[in-house]
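Welcome, and please have your viewer ready. We will go from stop to stop, selecting a few residues each time and looking at what is there.

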Amino acid sequence: MEIKAAVLGGVDEKFSVETVELGAPAADEVVVEIVGVGICHTDLAIRDGHLPFPLPGVVGHEGSGTVVAVGAEVSSVAVGDAVAVSFNSCGSCAQCDHGAPAYCANFMAYNFGGVRPDGSSALAQDGKTLGSNFFGQSSLATHAVAHERNVVKLPDDAPVEIVGPLGCGIQTGAGAVMNSLDVQAGSSLVVAGGGAVGLSAVLAAVVREARVIIVVEPHESRRKLAVDLGATHAIDPNAGPVSEQIRAIVPEGADYAIDTTAIPDVLVQLVLSLGARGALGLIGVPSNPEAALPVPLIPLLIQGLSVRGITEGDADPHTFIPQLLDLHRQGRFPFEKLITTMPLAQINEAIEAQHRGEAVKVVLTTR
């Protein structure tokens with residue numbers, strides 16, 4: 001079928017909404033008519049050449065919409081079901097077997113390979129294959145082929161147009177708090193970066209009843225939003241050494257810190273901000289894939305600090321997305337406050353709006 005998709009022709013190029021051909025679903029796949037798709041930093045990392053993906057191609061991995069076709073072996077969803085589409089995983093390796101699909105042994109091939117596991121592509125243009133299957137979906141488009149394993153059936157009352165970011169960015173920030181670090185009630189948390197991932201961590205910290213929630217963010221509007229969402233403090237990194245600002249609030253040091261920036265100087269300041277036996281979670285993707293971790297070793301050793309990498313918030317989307325939607329239903333996880341909607345045709349303008357800090361998370365709509 002012919003669809004519209006935001007094609008990325010090459011590194012450092014702008015997206016171009018063009019007509020492409022979408023193939024029929026394989027036996028274990030579904031076709032989703034996309035109604036909304038979030039713009040995530042990982043999409044832009046492909047554009048900037050910081051992560052591998054064959055171009056020209058179609059990225060996008062925070063899609064949501066309605067199932068319009070299913071393969072012969074699909075049983076968990078049916079035509080007409082509303083779904084969110086998350087990251088893909090093999091379902092058969094040791095980590096998948098242990099309920100940790102974010103650390104699937106085949107994660108890179110299944111999410112960044114640009115083809116199906118059998119080497120075929122779901123997308124073509126003018127008879128030439130396009131990079132597809134990005135995070136098992138390539139959903140910066142009006143329709144996407146996804147795998148049964150990475151679609152999550154939504155409840156009837158879910159706000160389908162805007163739930164796509166629950167499949168990656170929002171899931172990652174919230175999961176870092178609720179799963180990876182398991183932030184405890186009455187504790188203190190520092191979040192570096194007030195984008196969608198960082199502010200999702202704030203929402204989750206409020207759910208977990210953290211006593212002190214500090215956001216480090218240079219944009220004044222995002223600092224204000226952080227406080228509106230429940231942060232107890234929002235500090236400007238340009239106002240002085242971050243560790244000193246944090247210890248002015250929690251002299252004993254913070255219990256937890258989450259970094260969404262991957263900026264070396266920020267990481268050092270976060271380590272210096274932690275108290276005894278504190279934990280630092282790393283989410284940010286560095287612009288240099290070979291970047292080293294600049295951790296001050298003496299504080300790490302003396303205080304017994306923990307540093308851990310986090311992918312997708314250690315979430316299993318099939319259980320975690322429904323959990324977040326249940327909290328949203330209760331009014332306890334108002335993720336819609338992070339979202340601005342714009343048409344798919346305005347994808348490049350939307351990216352610039354996020355870059356300038358005018359929007360936290362843009363969801364591109366197709367209707």
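**Stop 1: an exposed glutamate and its partner**

Start by selecting E358, which is exposed, with a relative accessible area of 56%. Keep in mind as you look around that this is a predicted model. Now add R356 to the selection: the side chains of E358 and R356 meet in a salt bridge, 2.7 Å from N to O. R356 is partly exposed, at 44% relative accessible area. This pair belongs to a set of twelve salt bridges in the structure.

**Stop 2: a network of three residues**

Next, select D157, D326 and R329, which are linked in a network of salt bridges. Take the link between D157 and R329: their side chains meet at 2.7 Å, N to O. Which parts of the chain does this pair tie together? D157 sits in the loop between β10 (151–153) and α4, while R329 belongs to helix α10, so the salt bridge connects parts that are 172 residues apart in sequence.

Now turn to the link between R329 and D326, where the closest N and O atoms are 3.0 Å apart. Here the two residues are three apart in helix α10, which means about one helical turn separates them.

Colour the three by accessibility if your viewer allows it. D157 is partly exposed at 49%, R329 counts as partly exposed at 44%, and D326 counts as partly exposed at 34%.

**Stop 3: two helices that cross**

Stay with helix α10 (residues 317–329) and add helix α4 (residues 169–180): their axes come within 11 Å and cross at roughly 95°. That angle makes α4 roughly perpendicular to α10. To see the contact itself, show the side chains of Q171, A174, G175, M178 and N179 on α4, and those of P317, F320, I321, Q323, L324 and L327 on α10. What kinds of residue make up this contact between α4 and α10? Seven are nonpolar, four are polar and none is charged.

**Stop 4: an enclosed strand**

Move to strand β9, residues 143–147. Are its residues buried or exposed? Five of the five are buried, so β9 is largely enclosed by the rest of the structure.

This is a good place to look at the two sides of a strand. In a regular strand the side chains alternate between the two faces of the sheet. Select H143, V145 and H147 for one side of β9, then A144 and A146 for the other; both faces are covered, and these residues are all buried.

Now bring in strand β3 (residues 29–38), which runs antiparallel to β9 and is joined to it by five bridges. For a spot to zoom in on, pick E29, which stands opposite H147 in β9.

**Stop 5: a six-stranded sheet**

Switch to a cartoon view and follow an open sheet of six strands with parallel pairing, in the order β13-β12-β11-β14-β15-β16. Where are its edges? They are β13 (233–235) and β16 (306–309): each has a single partner strand, so one side of each is left without a neighbour in the sheet. Neighbouring strands in this sheet are turned against each other by 15° on average, direction ignored.

At the β13 edge, highlight β12 (residues 212–216), which pairs with β13 in the parallel sense over three bridges. Select V215 and you will find it opposite A234 in β13.

**Stop 6: unusual backbone spots**

Finish with the backbone. Most residues other than glycine have a negative phi, and most peptide bonds are trans. Here are three places to compare with that.

- Select L55 and P56, which are joined by a cis peptide bond with omega of about 5°. P56 lies in the loop between α1 (41–47) and β4 (57–58).
- Select D182, which has a positive phi of about 50° although it is not a glycine. Look for D182 in the loop between α4 and β11 (188–192); at 36% relative accessibility it counts as partly exposed.
- Select A262, another residue that is not a glycine, with a positive phi of about 60°. A262 is in the loop between β14 (254–259) and α8 (264–273). At 17% relative accessibility, A262 counts as buried, the cut-off being under 20%.

Terms used
Residues numbered from 1 in each chain as written. Predicted model: local features only at pLDDT ≥ 70, side-chain atom pairs only at ≥ 80, totals over all residues. Heavy atoms only, no water. Buried < 20%, exposed > 50% of the residue type's maximum accessible area, 1.4 Å probe, protein only. Helix = DSSP H or I, 4+ residues; strand = E, 2+ residues; numbered from the N terminus. Pairing = 2+ DSSP bridges. Axes fitted to C-alpha atoms, helices over the stretch in contact; angles between N-to-C directions. Parallel < 35°, antiparallel > 145°, perpendicular 65-115°, else oblique. Contact = heavy atoms within 4.5 Å. Nonpolar A, V, L, I, M, F, W, Y, C, P; charged D, E, K, R; others polar. Salt bridge = Lys/Arg side-chain N within 4 Å of Asp/Glu carboxyl O.
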